[in-house]
Amino acid sequence: MRIHEEVRKMPLSPIRAWTQRLHDLGPRAELTLGEPAQSTDPRIGEAAAAALRQGLTHYPPAAGLKSLRELLAEREKAQRGWRFRPEQILITDGAQEALAVCCLGLLNPGDEVLVTDPGYPGTLSALALASATPVFFPLDAQGQPEFAAMERAVSVKTRAILVASPNNPTGQILSAAAWTQLAALAEKHDLALIVDAAYEQLSWKPLNFKALRPCRHRVIFIGSFSKTYAMTGWRLGWISASRRWGEALLKTHQALVSGVAGFVQQAACTALTLPVDPWRQTVAEQSGHSWQRLNEIGLTCPQPEGSFYCFPSIVSTGLTSEQFALKLAEQAGVAVLPGTLFGQRGAGHVRLSVCTDRQTLDWALDQIEKWIKADD
């Protein structure tokens, strides 16, 4: 029996593979996975436990619990600047499944999707499952799309634009002007605009999503509880989209996972009532601190505006991204990811995940500085 050709060619998660490779070298500080160091707030866990005691263990509604969809519809309205109804919300098994649902539900084999370089590599796996083709467009030094290159990349096969803000790996956000231009491009070529907003609540600069209101009929948002509420292991996300795509997205979701565990969704209702500001402030402070230290060390780094990543250039060391990551783990005890995992424009960079505890982060930055200066 033959294996699906796109699956055969698809690599295992490069982030997970490199994280394991570096972990095997025994580093003391692992700044690889985008996962908060803290555990989930106990109040969320208690809500899940209470739901289990109440017997919320049967098949859930495929689209999600009404209570959670209502809360998210109100949240989306506040965040986006236009009205959302609960029926426009689809609860998914994490943001990665949401990506897969969008690609499998809306794309045909051979369709093309414009994606950023650099960008999150999990996007490429979702496109491969749909036998769709990524067409990369570059981001400039400020993290904004190079629109001339985007326009040249559009073909008769182009069906969508997929973009994240804040960006993973750079931590930069798109300006209001950039969103307006993306919306105009989508209108001009009749494209869907899929927005990966997994890190939006961990942004300390305006996200400018309200600029998309005029083309809201084209916009699909992907959200996640993982990074904001330290719920990576709970696997919970959502899609908010125009109702014209609702049936296709729901049927695809049902085919993949049927639905998300009811007690997990009930816990998410509690999560949405908890304050985000303390964690956002911690992330902003640690990102700013890391950005400043890296630049002082001599590793030029774009200033993060959201998420919990820094993406410094390591060109000055004379090493490739892969060489730098391996040597740093072996010789300095610090694991970071090669920038090439995130696209061709990631060459000459590495990604640091700075959402660990402050003591570990400071030790890692000190070790990087010592290691860099030892080679001078």
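1. Let's start with E285, which is found in helix α11. Bear in mind that this is a predicted model. With a relative accessibility of 40%, E285 counts as partly exposed, because the buried class ends at 20% and the exposed class begins over 50%. Its C-alpha atom is separated by 9.9 Å from the C-alpha of F308, and the two residues are 23 apart along the chain.

2. F308 is a good residue to follow next. Its relative accessible area is 0%, so F308 is buried. The ring of F308 pairs with that of Y199: the centres are 5.5 Å apart and the planes stand at 85°, so the pair is edge-to-face. Y199 is also buried, at 7% relative accessibility. You may like the topology here, as the pair links distant parts of the chain, 109 residues apart. Y199 sits in the loop between β6 (192-196) and β7 (219-224), while F308 belongs to the loop between α11 (277-297) and β9 (309-310).

3. Now for the other rings. In the whole structure, a search finds 11 aromatic pairs. Ring pairs also tie W82, F84, W179, F209 and F221 into a cluster.

4. Two arginines are worth a look if you care about cation–ring geometry. R28 lies over the face of W363, at 4.2 Å from the ring centre. R244 has its charged end over the ring of W245, 4.4 Å from the centre of that ring.

5. On to the sheet. It is open and built from 7 strands, in the order β2-β8-β7-β6-β5-β3-β4, with mixed pairing. At its edges are β2 (89-92) and β4 (133-138), each of which pairs on one side only. Ignoring direction, neighbouring strands of this sheet are turned by 25° against each other on average. Helix α4 (residues 66-80) lies across β2, β7 and β8 (237-241), and runs at about 115° to β2.

6. Strand β3 deserves its own point. Which strand does β3 run parallel to, and how many bridges join them? The partner is β4, and 6 bridges join it to β3 (residues 112-117). Within that pairing, E112 has T133 as its bridge partner, and L114 stands opposite V135. β3 is mostly covered, with 6 of its 6 residues buried. E112, L114 and T116 point one way from the strand, whereas V113, V115 and D117 point the other way. Note that the buried residues on β3 include the charged side chains of E112 and D117.

7. Finally, the packing. The largest nonpolar core has 52 residues, and those with the most contacts inside it are L114, I161, W179, L182, L193, L212 and F225. Helix α8 (residues 176-189) supplies the largest share of this core, 6 residues. Where does L212 make its contacts, leaving aside neighbours within four places in sequence? L212 is in contact with W82, W179, A183, L193, V195, V219 and F221. Among these, W82, W179 and F221 also belong to the ring cluster of point 3. A second, separate core of 30 residues includes Y199, V354, L365 and W371. That brings us back to Y199, the ring partner of F308 in point 2.

Note on methods:
Residues numbered from 1 in each chain as written. Predicted model: local features only at pLDDT ≥ 70, side-chain atom pairs only at ≥ 80, totals over all residues. Heavy atoms only, no water. Phe/Tyr/Trp six-rings, centres within 6.5 Å; stacked < 30°, edge-to-face > 60°. Helix = DSSP H or I, 4+ residues; strand = E, 2+ residues; numbered from the N terminus. Buried < 20%, exposed > 50% of the residue type's maximum accessible area, 1.4 Å probe, protein only. Lys NZ or Arg CZ within 6 Å of the ring centre and 35° of its normal. Pairing = 2+ DSSP bridges. Axes fitted to C-alpha atoms, helices over the stretch in contact; angles between N-to-C directions. Contact = heavy atoms within 4.5 Å. Core = buried A, V, L, I, M, F, W, Y, C linked by side-chain atoms within 4.5 Å.
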